[in-house]
Amino acid sequence: MLALLLPLFSAALVGAQFPGGRFLEPPVPALCAQRKIHDKFQGHGYYFSWKDPATAKMEEDWLGGRNWCRARCMDLVSLQTAAENNYIKTQLVQDKVRYIWTSGRMCDFKGCDRADLQPKAINGWFWTAELQKLPPTTDRTQNDWSENGGIGRPQPDNREELQNGAPENCLAVLNNFYNDGVHWHDVACHHRKPFVCEESESLIKYVQYTNPNLKI
């Protein structure tokens, strides 16, 4: 699956240009060596922006969150299992955090016109940090999309674009924002939110390989 997705989602890799001339940035070895981990779950280390005084008041847009995490050999969290999803949701509830970014995104890059990704609102979502495709949004047993949003429709609903705004191409977890519990929502990527970083094995291995004398 990974080999299949690599060419398809090449725009999710380092060097790809995003709107506004911004780029997905590579890790910074010194920051990787100094990265802070707040908790571990099933062998993965996590950083919660609101738990650190240095970032407690920081909110980033989707790409800004990814770049902050990636600089430290992490990436925005990918909720690949029900257990991990529930773990992250528990953190939001107990810390009274209203919303966070995840690495989830609709495929809106070059190459996303493939037949198997159509319609994109159903078949085009993936975890960018892992280059892993999500199940179809219509398969409600394999995802955690909310049944309600700002216009009373199941998520994803692309509400903002329907109301003459930006497309809602990024995946956030909202904590009962619409009196709907803690669930996934599609949100326009320019909005600013707290974020959760998850250690990236691939970025750590890359920095270890290119900096063999640095303790990561």
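The largest cavity in this predicted model has a volume of about 30 Å³, and the count of cavities of 30 Å³ or more comes to 1. In general terms, empty space of this kind is revealed by rolling a probe the size of a water molecule over the atoms. The lining of the largest cavity is made up of Asp75, Leu76, Ser78, Ala129, Glu130, Glu198, Glu199 and Ser200, and when these residues are sorted by class, 4 are charged, 2 are polar and 2 are nonpolar. Two strands, β5 (74–76) and β11 (196–199), each contribute at least two residues to this lining.

The two strands that supply these residues are also paired with one another, since β5 and β11 run in the antiparallel sense and are joined over 3 bridges. Within this pairing, Asp75 has Glu198 of β11 as its bridge partner, and both Asp75 and Glu198 are found among the residues that line the largest cavity. Both strands belong to an open sheet of 4 strands, in which the order is β3-β4-β11-β5 and the pairing is antiparallel. The edges of this sheet are formed by β3 (39–41) and β5, each of which pairs on one side only, and neighbouring strands are turned against each other by 35° on average when direction is ignored. Helix α3 packs on this sheet, where it touches β4 (44–48), β5 and β11, and the direction of the helix makes about 160° with that of β5.

A second open sheet contains 5 strands, which are arranged in the order β8-β7-β6-β9-β10 with antiparallel pairing. Because β8 (132–133) and β10 (182–187) stand at the edges and each has a single partner strand, one side of each is left without a neighbour in the sheet. Inside this arrangement, β6 (residues 99–106) and β9 (residues 170–175) run antiparallel and are joined by 4 bridges, with Tyr99 standing opposite Leu174 in β9. Helix α3 (residues 62–70) lies across β6 and β9 and runs at about 100° to β6, so that helix α3 is described in relation to strands of this sheet as well as to β4, β5 and β11.

Covalent links between cysteines were also examined, and a search of the whole structure finds 4 disulfides. One of these joins Cys32 to Cys73, with an S to S distance of 2.2 Å. The torsion about the S-S bond of this pair is about 90°, and the disulfide is therefore right-handed. Since Cys32 lies in helix α2 (residues 29–33) and Cys73 lies in the loop between α3 and β5, the pair ties together parts that are 41 residues apart in sequence.

Notes
Residues numbered from 1 in each chain as written. Predicted model: local features only at pLDDT ≥ 70, side-chain atom pairs only at ≥ 80, totals over all residues. Heavy atoms only, no water. Pairing = 2+ DSSP bridges. Contact = heavy atoms within 4.5 Å. Axes fitted to C-alpha atoms, helices over the stretch in contact; angles between N-to-C directions. 1 Å grid on protein atoms, 1.4 Å probe; cavity = no way out; pocket = protein on both sides within 12 Å on 5 of 7 lines; lining within 4 Å. Points joined across faces, edges and corners; volume = space filled by probe spheres on them. Nonpolar A, V, L, I, M, F, W, Y, C, P; charged D, E, K, R; others polar. Disulfide = S-S within 2.5 Å.
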